[in-house]
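This report covers strand pairing, one helix and one buried residue. The structure it describes is a predicted model.

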Amino acid sequence: SWPADDAPAAVLFTSGATGVANGVRYTHGQLLDQLDALRRTYRIDADDRLVAAFAPFALYGPALGIPTCLPDVDVTAPGELTADALAAACGRLEATLAFASPAALANVVATAGTAGDLGSLRGLRTVMSAGAPVPAETLRAVAEFAPSSTLHTPYGMTEVLPVADITLDGIENAGDGNGVCVGHPVKGVAVQISPLDSAGAATGELTVEPNVSGEVVVQAPHMKETYDKLWVTQHASAAPPGWHRSGDVGHFDDEGRLWIEGRMAHIVTTADGPVTPVGVEHAIESLDDVAQTAVVGVGPAGTQQVVAIVRPTDPPRRPRLAALDRADAIRSAAGVPVAAVLEVS
């Protein structure tokens with residue numbers, strides 16, 4: 001017989017990118033609600049066929065009842081996905097949907113110029129990418145060889161997915177801002193903000209007021225049941241009861257779109273108040289000679305200094321302080337006081 005909705009179904013693990021990987025318990029009912037949310041958000045029906053260049057997402061296709069395959073790539077190294085491998089998988093399946101991580105799409109774009117026939121990508125109606133911020137230029141490049149597709153970047157987490165969604169057109173319409181625009185919450189999902197205090201803690205009452213930065217707090221039918229054998233973690237995440245504290249910091253804009261400014265754990269607590277990292281990192285990465293940036297806080301909480309760690313387009317052989325002219329350009333672009341600029345390869 002079919003399991004009851006409240007019967008245990010799965011324990012899924014978070015990535016561990018900002019700490020220890022946590023087990024997340026789901027019931028059968030919650031997973032069914034998640035499938036309904038995905039089906040509704042991306043208009044998935046029985047005629048669709050999915051190429052999943054991301055192993056966890058490959059589970060959703062069979063669960064949705066649609067043909068699914070993985071391209072020829074090591075699933076532990078999705079950034080090695082080539083345009084040829086993606087096209088071959090789409091051709092074999094006559095795919096209408098594709099999901100790939102930002103790193104995978106970036107390499108697809110990088111290898112497209114030397115690839116063979118990419119005509120099978122023209123049959124895609126939807127391409128999704130999630131797991132990290134997806135540069136608009138990467139999505140634009142994908143649209144060049146998948147012209148019939150709509151490019152989506154879902155936002156969510158192991159504990160609740162999807163939370164919000166935005167298309168390439170939506171990203172371009174949103175323009176520049178403090179963080180990454182992840183769009184409007186999807187149907188059935190409530191999102192609010194717990195404002196930051198001067199020490200960078202999310203202590204404020206939940207709000208949907210625009211331009212208030214704080215922890216993103218989520219409520220949805222497809223939200224996790226609990227963390228597995230982690231009472232303290234669960235108790236901290238479920239405040240107020242019935243909501244999930246995401247660990248992400250963000251804000252709503254005047255149009256009701258959600259912007260992600262980074263992780264709560266990565267907030268820099270300066271003497272002048274909290275600084276969220278993503279907007280500063282994007283501003284620095286707008287410089288032509290900067291490939292990647294990480295903004296960190298150095299010093300005691302409440303008096304931290306902002307330090308920019310950059311990978312230049314001409315990386316050094318070993319870590320070093322940036323030359324004065326590059327450091328000045330980075331400080332000018334950052335929009336916040338930067339105490340030091342470190343270059344790495």
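## Strand pairing around β9

G183 has L258, a residue of β14, as its bridge partner. The two strands involved, β9 and β14 (residues 258–263), run antiparallel and are joined by 3 bridges.

Strand β9 (residues 180–185) also pairs with β8 (residues 160–167), again in an antiparallel arrangement, here through 2 bridges. In this pairing, D165 is matched with H184 of β9. Strand β9 therefore has bridges to β8 as well as to β14, given that two strands count as paired if DSSP finds at least two bridges between them.

## Packing of helix α6

Helix α6 spans residues 136–145, and its buried residues are A136, T138, L139, A141, V142 and F145. These buried residues pack against two helices and two strands: α5 (102–111) and α7 (168–174), together with β6 (126–128) and β7 (150–157).

## The surroundings of T27

T27 belongs to strand β2, which covers residues 23–27. Is T27 buried or exposed? Its relative accessible area is 7%, and because the cut-off for a buried residue is under 20%, T27 counts as buried.

Apart from neighbours within four places in sequence, the residues in contact with T27 are D5, D6, A7, P8, A9 and E225. For D5, there is also a polar atom pair: its backbone oxygen lies 3.2 Å from a polar atom of the T27 side chain.

Note on methods: Residues are numbered from 1 along each chain as its sequence is written. This is a predicted model: local features need pLDDT of at least 70, side-chain atom pairs count only at pLDDT 80 or more; totals for chains, interfaces and linings use all residues. Side-chain values use heavy atoms; hydrogens and water are left out. Buried means under 20% relative accessible area, exposed over 50%, partly exposed in between (1.4 Å probe, protein chains only). Helices (H or I, at least four residues) and strands (E, at least two) are DSSP runs, numbered from the N terminus. Contact means heavy atoms within 4.5 Å. A polar contact is a pair of N or O atoms within 3.5 Å; within protein, one must be able to donate a hydrogen and the other to accept it, and residues adjacent in sequence count only if both atoms are side-chain atoms.
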